[in-house]
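The exercises below are meant to be worked with the sequence and the coordinates open side by side. Try each task before reading its solution.

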Amino acid sequence: MSVALQLGIIVGYLVIALAVGLVAYRLTDRTAEDFYLASRTLGTVVLLFTTFATLLSAFTFFAGPNIAYAQGPEWILVMGLMDGIIFAVLWYVVGYKQWLLGQQYGYVTLGEMLGDRFGSRWLRGIVAGVSLLWLFPYVMLQQVGAGTALEALTDGAVSYAAGAGLITAFMILYVVVAGMRGIAWTDTLQGAFMLVTTWVALLWVLAAVGGPGAATEALASNPDTGGFLSLGSGYYTPQWMLSTAIVIGFGVAMFPQVNQRFFAAGSETVLKRSFVLWPILCVLLFVPSFMLGAWAAGLEVAVPEGANVLPLVLAEFTPTWFAALVIAGAMAAMMSSSDSMLLSGSSYFTRDLYRPFVERDLSDRREDLLARGGVVIFASAAFVASLQRPATLFELGDAAFSGFAQLALPVVLALYWRKITRAGITTGVLVSQLFYISSLFVATVPGSYLGWSAGLVGMGLGLVVTVVVSLLTSPAAAERRAIYFDRLGAD
């Protein structure tokens, strides 16, 4: 099959997604709330799948199978089981409270909510700035994933830069045109498409190698991978598994594109049904994709350094047209993550940075136009940075999850603890962020402590600092109106 036909399958799929966005554009009000939250009208299926699709990124389709290929299938326990349960709990603990507040006070962003809670535009700006800081590497992650996937699929006929540029162009067009309504609709289709193609890919590969028994036997008999079938292999220590699961689970709840979906639910029933179904969806997708990576190690699929295992195992055991179709699904996953991230990032910039610090009387129409322009600038900057390939897919994703996780515990305290103060939450957020950033860039700050990751240690540090400073300080006058948070929490 020619490269042109492979690209035709992938580009054709992306064009269909763009067409859905154009239809949604015709039904979208020209207001910021509709652009960001689809006027808070999402139903159960759409809310569940748009949240599902926006999280299923290059980290899932490429970094996850790569880890399973290198270290064994226990990665399923981290991402497929523990994280599914942790995030489902947080969906209720954080999401339900945010939904109540959003319904009553019209909040669009996390920073807007916290700024009002503590009467502080500076806290609002800090939360937005931190969120945009960690959003940047995760957008880069999608572009790096797309570039490497197309380069591998076409044996280098399509360069890394061209592949990354292709998905960047489509996600800019899509977000600028569609807004949340179009993204939610297409995410629903893409989520279903990803589930189906991933399971078909798994069954196709297993049929080609003689079934799951033969694939597992090959894994067990290979001296390099025999240990993959026993718990505790590789770097899957209890500390590493728990650290990673907790950091990713809490980090997901603070991702702007996920957190804003808590505000977008059409009703309380929609929100509660969605979090119950969430762990099931996680298992249904993560099991086949990660097992393909693990079995590929036993089947001795050659994976060059820096390459992704999933496109290579598909090229080895499935027809070229089907491999291109699955990669189209992976590209859809990357676009469904990127479009939501860009949309949320633009709302954090316009509502939490530009409006309070530059133009307080910003009209809805002007905000809508500014948000669409911000999408172009942010995506283009991430694309330029992605051309440098600064880190592996896992390293980029892990840094983003851990960075966002530093926000989680102070936010939970802000939602439920009456004694928290503006000084407490501000100090807690800043200290934990500075600690985690130092662990990445300062050689003298360790990346782990007795096996526990710096991301998890930073979360604990932020919690302690928030509590201690809050107990030592008194609420400012502007914070006293925050009693409505406590009343809503009692409902």
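**Exercise 1. Place Pro356 in the model: in which helix is Pro356 found, and which residues does Pro356 touch beyond its sequence neighbours?**

Solution. Pro356 is found in helix 14, and the coordinates used throughout these exercises belong to a predicted model. With a relative accessible area of 10%, Pro356 falls under the 20% cut-off and is therefore buried. Once residues up to four places away in sequence are set aside, Pro356 touches Arg121, Arg124 and Arg351. For Arg124 the separation along the chain is 232 residues, while the C-alpha atoms of Pro356 and Arg124 are separated by 8.8 Å.

**Exercise 2. Describe the protein as a whole: how many helices and strands does the secondary structure contain, and what percentage of the residues is buried?**

Solution. Begin with the secondary structure, which comes to 19 helices and 2 strands. Next, take the burial, where 59% of the 491 residues in the protein count as buried. Finally, consider the contacts with a separation of 6 or more, of which 86% are between residues 24 or more positions apart.

**Exercise 3. Trace the salt bridges: how many does the structure hold, and which residues are linked in a network?**

Solution. The structure holds 3 salt bridges, and they can be taken one at a time.

1. The side chains of Arg124 and Glu112 meet in a salt bridge, with N and O at 3.8 Å, a value that lies within the 4 Å cut-off for such a pair. Arg124 belongs to helix 7 (residues 121-153) and Glu112 to helix 6 (residues 110-118), so this pair ties together parts that are 12 residues apart in sequence.
2. Glu112 also forms a salt bridge with Arg351, where the closest N and O atoms are 3.0 Å apart. Because Glu112 lies in helix 6 and Arg351 in helix 14 (residues 320-357), the pair ties together parts that are 239 residues apart in sequence.
3. Asp352 and Arg124 meet through their side chains in a salt bridge of 2.8 Å, N to O. Here too distant parts of the chain are linked, with Asp352 in helix 14 and Arg124 in helix 7, 228 residues apart.

Putting the pairs together, Glu112, Arg124, Arg351 and Asp352 are linked in a network of salt bridges.

**Exercise 4. Judge the surroundings of this network: are Glu112 and Arg351 buried or exposed, and what do Asp352 and Glu112 contact?**

Solution. Glu112 and Arg351 are both buried. For Glu112 the relative accessible area is 12%, Arg124 counts as buried at 15% relative accessibility, and Asp352 counts as buried at 0%.

The contacts come next, with residues up to four places away in sequence left out. Asp352 touches Thr109, Gly111, Glu112, Arg124, Gly125, Ala128, Ser347 and Phe357. Glu112 is in contact with Gly106, Tyr107, Arg124, Arg351 and Asp352. The contact between Asp352 and Glu112 can be examined at the atomic level, where the side chain of Asp352 reaches the backbone nitrogen of Glu112 at 3.4 Å.

**Exercise 5. Analyse the packing of helix 11: at what angles does the axis of helix 11 cross those of helix 3 and helix 10, and which residues make each contact?**

Solution. Take helix 3 (residues 44-55) to start with: its axis and that of helix 11 (residues 256-264) come within 10 Å and cross at roughly 170°. Since angles over 145 degrees count as roughly antiparallel, helix 3 is roughly antiparallel to helix 11. Helix 3 contributes Leu47, Thr50, Thr51, Thr54 and Leu55 to the contact, and helix 11 contributes Gln257, Val258 and Arg261. Sorted by class, this contact has 3 nonpolar, 4 polar and 1 charged residues.

Turn now to helix 10 (residues 238-254), whose axis and that of helix 11 come within 5 Å and cross at roughly 60°. That angle makes helix 10 oblique to helix 11. The contact is made by Val252, Ala253 and Met254 of helix 10 together with Pro256, Val258, Asn259 and Phe262 of helix 11. Its residues divide into 6 nonpolar, 1 polar and no charged. Val258 of helix 11 takes part in the contact with helix 3 and also in the contact with helix 10.

Key. Residues numbered from 1 in each chain as written. Predicted model: local features only at pLDDT ≥ 70, side-chain atom pairs only at ≥ 80, totals over all residues. Heavy atoms only, no water. Axes fitted to C-alpha atoms, helices over the stretch in contact; angles between N-to-C directions. Helix = DSSP H or I, 4+ residues; strand = E, 2+ residues; numbered from the N terminus. Parallel < 35°, antiparallel > 145°, perpendicular 65-115°, else oblique. Contact = heavy atoms within 4.5 Å. Nonpolar A, V, L, I, M, F, W, Y, C, P; charged D, E, K, R; others polar. Buried < 20%, exposed > 50% of the residue type's maximum accessible area, 1.4 Å probe, protein only. Polar contact = N/O pair within 3.5 Å; in protein donor to acceptor, adjacent residues only side chain to side chain.
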